[in-house]
Amino acid sequence: MKSNRLNTLTNGIVKSNPTFRLVLGTCPTLAVTTQAINGLAMGAAVTFVLLCSNVMISLLKKVIPNRVRIPAYVVIIATFVTVVQMVMQKFLPSLYDALGVFLPLIVVNCIILARAEAFASCNPVLDSALDGIGMGVGFTLSLTLIGIVREVLGAGSFFGLPIGSLGSISMTVFILPAGGFLVYGTLMAVVNYLMRLSEERKAAKLHAMPHEEEGEV
Amino acid sequence: MKKGSLAYEIVMTALVLVLIAGVAGALLGFVHHFAAVDPNELLLKKASAVYDGKLKDNPVREGLSAKIEYENGDVLDVLVPSDESVKDVFILHVKGTGAYKGSLELLVNITKGKIVKIAKYDANETPGLGSKALEDSYFRQYCGVPITAEFSGFTLLKTAPLNETEVRAISGASKSSTAVTNAVNAAVVWYQNAVLKGGAR
């Protein structure tokens, strides 16, 4: 049971990473990652909404009528998105400005709706919470990584802090949409290559095990 | 109404949805109570970037009109120091059109007929590109020029400026540079009308 829950938590971070493996939430991924801090803030906002909506939907799964489950999920998700929006506008106005329209658009983010429909609506509360945290952390890490690469190459800074003389040789294309696609695609290829390598190693290990046992016998 | 009948199902579905919406509304009301943003409070907070002293609580709208006739920008609010002995200091909340994302808003401090400080109020230009037109080093080009009744505003150039009324645009960010110039020129037009000519008083 414990190992299952650990799997649920880590699933969204590596194996089923929403950005690099499932290719979900591409729109905000490309739009807000011009700076690492924007990626981190967007990821944190999505994680909060994922966690709260997954818990709430899991709690109400027997109460919400099947026919109207999607509108009910959207109302729940929209509530938490509005909470994040109001808190961010009050306490983090510069990040609120930077995320712009993509903050309210979390309501229709396919990662959140997909987890609500595919996981939270048919799993217990604790598992749903762990799934929300895992997926959210996976999304946050991906966005922050893309943001770091784009900011370092495009603006010569790291989380807003200039890196030596890198600013003078920075390549503006990386903070433009084309650079976003370029970085996203390259990182996706690297992550998928590493995943395939790890899966092949695991398969080779499994394949070798029966022979060892046979040898022992 | 029998349990299991269509009417029963419809009523129950409606009740559940109303209940969910009601709880959601109550939660939002609760959060709004703590996180509501007062626009005047926000304006005063941001205005501290261009003026060190205390400003009057409410933007001046009566007697000192913010209205101007300028097609590329607008004056949204005018703030004055709360200390009435401080004369000829105006903090203008201005908007300039033509930015990468539509328009941008700035705060301009005009003291004794000269722009002394400019700061960003609300702008979301591309980081590392358009954002360079919102940095102090760029804003300084507009400071120190005497605003007279004859002054026709700042002119944006792509080459090195020849006089103090000309401003060099940021390379690769001409839209953001244009919007900043439009916003600053809106402040200039307001000062000429309201203070020099007294037309908007």
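**Stop 1: B:Glu105**

Select B:Glu105 and show everything around it: leaving out residues up to four places away in sequence, B:Glu105 touches B:Leu76, B:His93, B:Val94, B:Lys95, B:Lys120, B:Tyr121 and B:Asp122. Keep in mind that you are looking at a predicted model. B:Glu105 sits in strand β3 of chain B, which runs over residues 102–111.

Which side chain does B:Glu105 meet in a polar contact? Show B:His93: the two side chains make that contact at 2.7 Å. Now look for a salt bridge on B:Glu105 and you won't find one, although the residue is buried. The nearest side chain of opposite charge belongs to B:Lys95, and it is 6.1 Å away. A salt bridge needs the nitrogen and the oxygen within 4 Å of each other.

**Stop 2: B:Asn182**

Stay in chain B and pick B:Asn182, in helix α4 (residues 174–196). Is B:Asn182 buried or exposed? Its relative accessibility is 10%, so B:Asn182 counts as buried. Follow its side chain and you reach the backbone oxygen of B:Thr97 at 2.9 Å. Besides B:Thr97, the contacts of B:Asn182 beyond four places in sequence are B:Tyr70, B:Asn72, B:Gly73 and B:Gly96.

**Stop 3: B:Arg168**

Next, click on B:Arg168 in strand β6 of chain B, residues 166–168. With a relative accessible area of 41%, B:Arg168 is partly exposed. Try drawing a distance from its C-alpha to that of B:Lys158: you should get 5.7 Å, for two residues that are 10 apart in sequence. B:Arg168 has plenty to show if you display its contacts, among them B:Tyr138, B:Gln141, B:Leu156 and B:Pro161.

**Stop 4: B:Asp88 and a salt bridge across loops**

Move to the loop between β1 (73–79) and β2 (89–99) of chain B, where you'll find B:Asp88. Check its backbone: phi is near 55°, a positive value in a residue other than glycine. B:Asp88 is partly exposed, because its relative accessibility is 29%.

Now select B:Lys56 and B:Glu84, whose side chains meet in a salt bridge (3.6 Å, N to O). B:Lys56 is in the loop between α2 (39–47) and β1 and B:Glu84 in the loop between β1 and β2, so this pair ties together parts of chain B that are 28 residues apart in sequence. B:Lys56 is partly exposed at 31%, while B:Glu84 counts as exposed at 57%.

**Stop 5: crossing to chain A**

Time to change chains. Select B:Glu9 and A:Arg67, and you'll see another salt bridge between side chains, at 3.4 Å from N to O. Why does this pair join two chains? B:Glu9 lies in helix α1 (residues 6–35) of chain B and A:Arg67 in the loop between α3 and α4 (69–91) of chain A, so the salt bridge runs from one chain to the other. B:Glu9 is partly exposed at 35% relative accessibility, and A:Arg67 is exposed at 67%.

**Stop 6: chain A as a whole**

Zoom out and colour chain A by secondary structure. There are 8 helices and 2 strands, and reading along the sequence you pass them as α-α-α-α-α-α-α-β-β-α. The C-alpha trace spans about 65 × 50 × 25 Å along its principal axes. Of the 217 residues in this chain, 41% count as buried.

**Stop 7: three picks in chain A**

Start with A:Arg5 and A:Asp127, another salt bridge at 3.4 Å, N to O. A:Arg5 is in helix α1 and A:Asp127 in helix α7 (residues 125–155), and the two are 122 residues apart. A:Arg5 is partly exposed at 26%, whereas A:Asp127 counts as buried at 11%.

Then select A:Gly43 in helix α3, residues 36–59. How accessible is A:Gly43? At 0% relative accessibility, A:Gly43 counts as buried. Beyond four places in sequence, A:Gly43 touches A:Gly136, A:Phe139, A:Thr140 and A:Leu143.

Finish at A:Val23, in the loop between α1 (2–11) and α2 (26–32) of chain A. A:Val23 has a positive phi, about 50°, although it is not a glycine. With 40% relative accessibility, A:Val23 counts as partly exposed.

Key
Residues numbered from 1 in each chain as written. Chains lettered and ligands numbered in written order. Predicted model: local features only at pLDDT ≥ 70, side-chain atom pairs only at ≥ 80, totals over all residues. Heavy atoms only, no water. Helix = DSSP H or I, 4+ residues; strand = E, 2+ residues; numbered from the N terminus. Buried < 20%, exposed > 50% of the residue type's maximum accessible area, 1.4 Å probe, protein only. Lys, Arg positive; Asp, Glu negative; His and termini not counted. Polar contact = N/O pair within 3.5 Å; in protein donor to acceptor, adjacent residues only side chain to side chain. Contact = heavy atoms within 4.5 Å.
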